[in-house]
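Here are a few exercises to work through with the model open beside you. Try each task on your own before reading its solution.

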Amino acid sequence: MKSSIALNQENLKRLSPNIKVPSYNRNDVKTSIVHIGVGNFHRSHEAYYTHQLMERFGVLDCGICGVGLLDYDRRIYNILKDQDGLYTLVIKELDGTLNPTVIGSIVEYIFAPENPIAVIEKMADPDIKIISLTITEGGYNLNEGTGEFDFSNPVIVEDMKNPMSPRTVFGYLTQALKLRMHRGVGGVTIQSCDNIQGNGNVARKALLNYVEKAEPGLLQWIEDNVSFPNAMVDRITPVTVAEDIARLQEEFLLEDQWPVVCEPFIQWVIEDDFAAGRPAWEKVGAQFVDNVVPFENMKLRLLNAGHTVLGMLGALHGYKTIDEAARDEDFCEFLKGFMDREVSPTLGDLGDIDLEKYKASLIERFRNVHIKDLVARICLESSAKIPIFLLPTIRAQLKSHQNITRAAFVVAAWCKYNDGKDENGNTYPIEDAMSNELIRAAALSHHEPIRFLQIEPVFGDLVNNKTFVEAFLSSLEMLRSKKVKECVRE
Ligand code: CS2
């Protein structure tokens, strides 16, 4: 048997012809994007679009410098270093075939804890036109209840004290923008790629809140020189598992220490507001629009909240992957009812978008058996996700006195989820920045169910809404006396 080949620049020419590899000269690529948070999603989405632009159109002035801020990022740093920044994106086609492409658009990487000054200097480099972010929904450090920046967060307190060795994205951006201002190197775009309604506005608000306290002399410069386009981002990108690595090695004789797998579908709808220019991503399928709000609403409230529905119900039932939950007829019917009756009425005018087609395509995507997206991935960090994905639907429906039964049921399922045990008695960890609070509130809710809704940073004033509270309480009572499948059948 032929032995497999380790992924690096030198070995590219020896790889199986079934693997697409960059045909452009990576030495000629000029970096103009710094990206914070090189997780699987960045690697299946922005880095992929950018790679396509290089590959198909020879545009080489949009190379990416990855930055990792967290200790957790050490692993990807070491791997990308070993692999010359290369990694394999394995698109799992609908018939199950694997379609691997080696992506070459990440040409540099800096691990911030080891070299904070290098990160600040890089972001302040005149060649850098865009600083993009995937720092997760919770990473913007805004309290969901009050909408205010959380200055009590210990890492923010640290960054205020030690501005030259920051730990948070806000500390880094502040120092880098200050250098740009002093050196007169011009503006830059800060581009959020997180699943948040108005992600650009949120990034802007969080940064300005921080700067106002940390470096007030910089505020006006930011107002005048930095843009924060909103965008909708989409591609289901599960956690890479050992089997993905093994299949690449066995079927393609390629040794990649951390490939990314994803679905074929991809979408990026962006407000065209770039302070210092941008790559022509529209050539490779990105959509530039004046108003991204309808796209964001639709995606967050249907896809992401749809995930939450399947994730929460699936977790209680004991399913491990989203496709299993989506193939369960009871859960799927429930999901369709949620989409049609509770979400669709909140979406307003969607212009040319065919909503029915979109919803049907989501069901197909959720049911894709090859993706194996873990229920655990969907459920983690729900305290940051649910306020963005699900609660806006509840608020909008309450405002127009419409149905919220299913959405409230999902909130109750989340409460029960925090008991940490499925219906078969199997336990699972609650992976969430607010896990202590969630577990405690869920425990208290056994005697006093309302306690769960009193988690103010999550629910804000929803706890005062009688209709919502009643719907939640009756769902929780039902969930505590019956199996989740029986409940959804009712
Ligand atoms: C998921 C998203 O994290 C989640 O809960 O809903 O990661 C989802 O897979 C992506 O937004 C798809 O574009």
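**Exercise 1.** Find how S10 and strand S13 are joined, then place both in their sheet.

*Solution.* Start with the pair itself: S10 and strand S13 (residues 267-271) run antiparallel and are joined by 4 bridges. One pairing you can locate is that of Asp 234, whose bridge partner in S13 is Gln 267. Next, step out to the whole sheet, which is open, has 3 strands in the order S10-S13-S14, and shows mixed pairing. Strand S10 (231-234) and strand S14 (287-289) are at the edges with a single partner strand each, so one side of each has no neighbour in the sheet. From one strand to the next, the twist averages 20°.

**Exercise 2.** Before going on, decide how far to trust the coordinates: what is the mean pLDDT of the protein?

*Solution.* Remember that this is a predicted model. Its mean pLDDT is 97, with 100% of the residues at 70 or more. For the complex, the predictor reports an ipTM of 0.99 and a pTM of 0.96.

**Exercise 3.** Work out the strand order of the sheet with 6 strands, and see what packs on it.

*Solution.* Reading across, the order is S6-S3-S2-S7-S8-S9; this sheet is open and its pairing is parallel. Its edges are strand S6 (106-111) and strand S9 (226-227), each pairing on one side only. Helix H3 (residues 74-82) packs on the sheet, where it touches strand S3 (63-68) and S6, and its direction makes about 140° with that of S6. Now look at strand S7 (residues 130-133) and strand S8 (residues 188-192): they run parallel, with 4 bridges between them. There, Leu 133 has Ser 192 as its bridge partner in S8.

**Exercise 4.** Which residues surround the ligand?

*Solution.* List them along the chain: Asn 195, Asp 234, Arg 235, Ile 236, Asn 304, His 307, Ile 378 and Lys 385. Then sort this shell by class, which gives 2 nonpolar, 3 polar and 3 charged residues.

**Exercise 5.** Describe the secondary structure over residues 291-478.

*Solution.* First check the record: an unreviewed UniProt entry lists residues 291-478 as "domain: Mannitol dehydrogenase C-terminal". Over that range the chain is 64% helix and 0% strand. Finally, the end C-alpha atoms are 42 Å apart.

Key: Residues are numbered from 1 along each chain as its sequence is written. This is a predicted model: local features need pLDDT of at least 70, side-chain atom pairs count only at pLDDT 80 or more; totals for chains, interfaces and linings use all residues. UniProt positions are given in the numbering used here, feature names are shortened, and annotations may be inferred rather than shown by experiment. Helices (H or I, at least four residues) and strands (E, at least two) are DSSP runs, numbered from the N terminus. Two strands pair if DSSP finds at least two bridges between them. Two residues are in contact if their C-beta atoms, placed from the backbone, lie within 7 Å. Axes are lines fitted to C-alpha atoms, for helices over the stretch in contact, and angles run from 0 to 180 degrees between N-to-C directions. Ala, Val, Leu, Ile, Met, Phe, Trp, Tyr, Cys and Pro count as nonpolar, Asp, Glu, Lys and Arg as charged, and the others, Gly among them, as polar. pLDDT is the predictor's confidence in each residue, from 0 to 100.
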